[in-house]
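Open the model in your viewer and get ready to select a few pieces one after another. Each stop below tells you what to pick and what you will find there.

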Amino acid sequence: MTGEANLTPVFVRLKLSLLRNGLRQSAGRRAAYVVSAVVVVLFGALQLLGLIALHGNTHALPVVALLVAVLALGWAVMPLFFPSGDETLDPTRLVMLPLRPRPLVRALLAASLVGIGPLFTLLLLTGSVIAVAHGGAAYAVGVVAVALGLLVCVALARAVAAANIRLLTSRKGRDLAVLSGLVIAIGAQLVNFGAQHLGSSGLSQLDPVADVLKWVPPASAIGAVDSASDGSYGVAALQLALTVGALMLLLAVWSRHLTRLMTSPDGSTLQAAEPAARERTTGGLARLLPAGRTGTVMERSLRYIWRDPKTKAAWVTSLAIGLIVPVFNALQGTGSIYFACFAAGMLGIQMYNQFGQDTSAFWMVATTISSTHDAYVELRGRALALLVITLPYATLVTVLTTAMLGDWPRLPEVLGLSFALLGAMLATGAWTSARFPYSIPQEGYKNVAPGQAGLAWISIFGGMVSAALLSAPVIVATIWANVAQDGDQWGWLLLPLGAAYGATITWAGLRLAAPRTAARLPEILTAVSKG
Amino acid sequence: MTSGAVASTAAVRVRGLWKRFGQQVAVAGIDLELPAGKFIGLVGPNGAGKTTTLSMVTGLLRPDQGSVEVVGHDVWRDPVAVKARIGVLPEGLRLFERLSGRELLAYSGRLRGLPGAEVDKRATQLLDVLDLAGAQHKLVVDYSTGMRKKIGLAAALLHNPEVLFLDEPFEGVDPVSAQTIRGVLERYTASGATVVFSSHVMELVESLCDWVAVMAAGRIRAHGTLAEVRGEAASLQQAFLELVGAGGRDTGSHLDWLGGGAR
């Protein structure tokens, strides 16, 4: 049993060495680490000051409880997105060592407390306690609460990582990492909106949230401090007990996964031995699509939206922003119904650089295009696949925005404008796909291969400006309908007009792009094969 | 098989083919006629221009100069006739990796305009023969190198082409998969079709091919039947080294300290 006592310092030292060696690799990395450390500490200190300033405020508890809950969420999500961030997180590296789970859990937990993340958490938790604590008893509970809160956060990260380690070390995990930036971006949008909303309507909005959160660990630890301040020691004890219970549960879950990981073959062997993946149903989707090249192209495009991480990330961004901008603006009462066109515009972007999305696999397409007609059908199939999602989505967003603003008479003209804009985006997208193709690197966050950024700029911004110009007739008609004296009566006409215009211009764009595509197949292949 | 009709003509006829990448000349004026119905090996050291040549012959890369005819049709002027008659397995280009093996074949076959039921029937047989049936529902991105070469070969064979172009089909492939690929290719050529493949493994070329073209520094150094190219040399390897001018490069006495007793 002597090993048990020695394990913890060994792991803490291991964590420190890993940190130090990581920094030794390059000056850039060292600088990045120092800068991020300084930023985090400064930010943490500011938070601390802010929270101390909050001391005595009636809304302190709701704010603090929400803050701690978000922090815990961050701890739970971090290992999924940045699995390589902490090498001691991967217990499969320790498989060869004769270790028992209990001391290992203790040692790893201690090692996890080393780093910038835990320091930031410590600052934030301390600030939270100070914000809500009144009286000696409350501060005493606070000390326990900080320790418990920190441990719950760390154990949560560890448990999530251990439960998903096989996912994290596999291709699927790397695919997931591509989406992480996106989740953070959308999360930031939501937080931003939430903050604005709070700013305009007051912190009291948070009270019902706090009533729930103060019972959810680790925020329940802060809840206990608050209860102790009010003198309700029974409630405080219950909340602390809840936090301890959560910690125990997390440790148990973690320990169980750890044991299983340490006693079963490692991930790489398992993956190879895994039984054949579940049968991918080809029937459902294919049966609904048209036969021939059109259906084949549509089917692959639709599959790629779901299966290819880069394509998926681009789509989710477009879908989310296309929804967030009009709906949130409408929610805040500052929106115009015309913001609904944003959805069509954002989704239309997906038509751009179609062949770049194929990467060098475009050769499979190139070897089957031998005429302008083939190229036309190929491009049309891709546009149709896009429309399958875009048309209902743009319509939905428009109807939703209209409903929120209660401006039903304007619905037809906004829909018409959306369709015209979508058509213009598809047309310019098809044309630039043939004229300005560029590579999308499959690894990392970059969406343009080195040296092709100019090409991407021309393609996207030139295309968007052209799309705006192309939809000018419908825009002018919309303005006229709003400005002219009896224009309102004719507003509904803009729906069929816009839809017909969009369809026509898409058709024209595909017709123009097809001969270029067919004539430039080798050049397109070269352009999309970098990276 | 349609190949009977073209047995007398060349499967591939290349005239004055040039390709430069900036300052570097990758292919420096190739004239070549590859006979139909043969198992043809294009051999040469790394950087000889094999991949560039095969890319230009298959229409994936535009030549600076020269013409290419496949079974009597110009690759650049008559792509309709050529693209339906050739199968390609390029090197260094991806497949649609987010499809499963079976989906990739279904996609590739339908894209070429084959009826769906026929594609599925052929795909099942190809997956069986190439020993991929067990992995047919796995995504290609999770395939090993050998499996990728095999699924690429299946996609290239699916429309029953007259001429098959394979760029390094055995590179990084394990012996079992290599034997499978070999078996399929031998059966395919036995029916009168033409296979053109590039490699730098001489033993392989010697045991598989009945016609060989040797490339070095962007030019064809020798071509003809295996016996003609081998000539007096003991093996193709020896003949090749002499052709590319590396034959005399003996390690000689420079490394005489290497091995032996005293350290």
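**Stop 1: where the chains meet**

Start with the contact between the two chains, to which chain B gives 29 residues and chain A gives 26 residues. Keep in mind as you look that this is a predicted model.

Now select α2 (79-85) and α3 (101-111) of chain B: these are the elements that give two or more residues to the side of chain B that touches chain A. Which of them gives the most? It is α3(B), with six residues. Try colouring this side of chain B by class, and you should find 15 nonpolar, five polar and nine charged residues.

**Stop 2: chain B as a whole**

Next, show chain B alone. Its secondary structure comprises nine helices and 10 strands. Turn the chain around: along its principal axes, the C-alpha trace spans about 65 × 45 × 40 Å.

Why does a radius of gyration of 20 Å agree with a compact globule for chain B? Because a compact globule of 263 residues would have a value near 18 Å, the 20 Å of chain B fits that picture.

Buried residues make up 48% of the 263 residues in chain B. Take the contacts in this chain with a separation of 6 or more: 69% of them join residues 24 or more positions apart.

**Stop 3: a sheet and the helix across it**

Stay with chain B and select β2, β1, β4 and β5. In that order, these four strands form an open sheet with antiparallel pairing. Look for the edges: β2 (24-35) and β5 (73-74) of chain B each pair on one side only.

Zoom in on β5(B) and on strand β4 (residues 65-70) of chain B, which pair in the antiparallel sense over two bridges. Where is the bridge partner of E69(B)? Pick D74(B), in β5(B), and you have found it.

Now add helix α1 (residues 50-57) of chain B. This helix lies across β1 (10-21), β2 and β4 of chain B, and runs at about 120° to β1(B).

**Stop 4: a helix in chain A**

Finally, switch to chain A and select helix α15 (residues 309-331). The 23 residues of this helix reach 31 Å from the first C-alpha to the last, close to the 33 Å expected at 1.5 Å a residue. Show its side chains and look for the buried residues, among them W315(A), I324(A), V325(A) and V327(A). K310(A) and N329(A) are also buried.

Your last selection is G333(A), just after α15(A), which takes a positive phi of about 80°.

Technical notes
Residues are numbered from 1 along each chain as its sequence is written. Chains are lettered from A and ligands numbered from 1 in the order in which they are written. This is a predicted model: local features need pLDDT of at least 70, side-chain atom pairs count only at pLDDT 80 or more; totals for chains, interfaces and linings use all residues. Two residues are in contact if their C-beta atoms, placed from the backbone, lie within 7 Å. Ala, Val, Leu, Ile, Met, Phe, Trp, Tyr, Cys and Pro count as nonpolar, Asp, Glu, Lys and Arg as charged, and the others, Gly among them, as polar. The expected span of a helix is 1.5 Å times one less than its number of residues. A residue is buried if 20 or more other C-beta atoms lie within 10 Å of its own, exposed if 12 or fewer, and partly exposed in between; C-beta atoms are placed from the backbone. The radius of gyration is taken over C-alpha atoms; the globule rule is 2.2 Å times the number of residues to the power 0.38. Two strands pair if DSSP finds at least two bridges between them. Axes are lines fitted to C-alpha atoms, for helices over the stretch in contact, and angles run from 0 to 180 degrees between N-to-C directions.
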